Amino acid sequence: MIIKPQASQLGRFATPYYYYNEELLQQTIDSLKQEMSKDSRYVMHYAIKANANPVVLKHIQQAGFGIDCVSGGEIALACQAGFDPKLIVFAGVGKADWEIETGLKYGIGCFNVESVPELEVINQLAKQAHTTANICLRINPNVGAHTHANIVTGLSDNKFGIDMAHMMNVIAMTQKMEHTQLIGLHFHIGSQIVEMDDFIALCNRINELQDGLDHQGIKLKIINVGGGLGIDYDNPDIHPLPDFKSFFAVYRQNLQLRDGQELHFELGRAIVAQCGSLITRVLYVKDNTNKKFVIIDGSMTELIRPALYGAHHKIKNLSSSKAAETYDVVGPVCESSDVFATDISLPQTQRGDIIAILSAGAYGETMASGYNQRPLPKSYTDNDIMAE
Ligand code: LLP
């Protein structure tokens, strides 16, 4: 069950807030570890941008995963949460000097470098800090993905990574640098990918690139394929767990790792999306001539995905079991895009009903904003809710 408490229990807390089902999170992690245990060369760095809630991080840490960061703030948070800095990797096209210095200060495991000028700055700052930075080159593989255009990252028009045509030259540059140590290649083609063929295309590209490295006698310890595995937003009750089996089978069957190489992953969404729901309350039901609006107290400031990407999250009225009606579910923020769903079927709804927006554990709480001077959302788990 995605949401364990009853509406009456959920309703005792001020809404809107995030509810996290820790049991589902742990089941998801267990099923992921089960698949990963089939190959001792696999290493997971959880993409903390998906969800940095302390409850989530506690489970991630107990699982023994490292952390994939994209900012100095995320590095500091992960270190303060107790993660081993050696298990932290740092990607991003625009790493500021202070962020690189933060990574050097903590002694993180690897910088995923996205351009030549960035490589030069890291080498320079590492020199000043009397240290050597481990680096992977993030290569743009020019591989597309069947997902929302805003979350495709691996095409040559995207801002991410080093053009694969430049890879050999950049590797040659790293070999002359004294304060960087090249340990691998990094890739990430996009997010919410459910077509395994996209990951197969990435494997094929990496195989080609590795053939080129073999010819030059270059050996690298790490291939990092990023994250991107999608989840079922339409039927979270039927598929609360992602298809980790197919995901890892793709890499086992299609990627040719070289002797001694490790395969690193950076899953975010697949681990945390289904365990989180945004719990809201109905403020008003407005009956217009051509539409019925359910106006809830949750908005795009707590969950921006529908407004930003047109994303669909399943919505449930946990308080009503009356006959179904057709509604638009909207938030109170002064933006026409503050809409969670149009023309959906919900049991007849009234003021005070508890409405849950499902599959909101990934890129929900972390993307919250204070627009309209709204407070950032709080979060509760079953322990908090059952204790009331
Ligand atoms: N590694 C890198 C380098 C990334 O850029 C990302 C996500 C990940 C790993 C984790 O990807 P995941 O396994 O979560 O798909 N806010 C958007 C998603 C943005 C993803 C950004 N990068 C959304 O709400 O759909």
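Where does the ligand sit?

1. Location of the ligand. The model is predicted, and in it the ligand sits in the largest pocket. Residues of domain 1 (22-272) and of domain 2 (276-387) both belong to the shell around the ligand, so the ligand lies between the two domains. The bounds of these domains come from an automatic or database domain assignment.

2. Composition of the shell. The ligand has 18 residues around it. By class, the shell divides into six nonpolar, six polar and six charged residues. Those that come nearest to the ligand are Ser191, Glu266, Arg305, Tyr309 and Tyr363.

3. Polar contacts. Two side chains can be named here: Arg305 places a polar side-chain atom 2.6 Å from an oxygen atom of the ligand, and Tyr363 has a polar side-chain atom 2.6 Å from an oxygen atom of the ligand. With Gly268 the backbone takes part, as an N or O atom of its main chain lies 2.9 Å from a ligand oxygen atom. As for cover, the ligand taken alone exposes 590 Å², and the protein buries 92% of that area.

4. Internal cavity. Apart from the pocket, what is the volume of the largest cavity? The value is about 30 Å³. The count of cavities of 30 Å³ or more comes to one. The residues that line the largest cavity include Leu24, Leu25 and Thr28, along with Pro240 and Pro242. Also in the lining are Ala270, Ile271, Ala273, Gln274 and Cys275.

Key: Residues numbered from 1 in each chain as written. Predicted model: local features only at pLDDT ≥ 70, side-chain atom pairs only at ≥ 80, totals over all residues. Heavy atoms only, no water. Near = heavy atom within 4 Å. Polar contact = N/O pair within 3.5 Å; in protein donor to acceptor, adjacent residues only side chain to side chain. Areas by Shrake-Rupley, 256 points an atom, 1.4 Å probe, with all protein chains shown as cover. 1 Å grid on protein atoms, 1.4 Å probe; cavity = no way out; pocket = protein on both sides within 12 Å on 5 of 7 lines; lining within 4 Å. Sits in = over half its atoms within 2 Å of the grid points. Nonpolar A, V, L, I, M, F, W, Y, C, P; charged D, E, K, R; others polar. Points joined across faces, edges and corners; volume = space filled by probe spheres on them.
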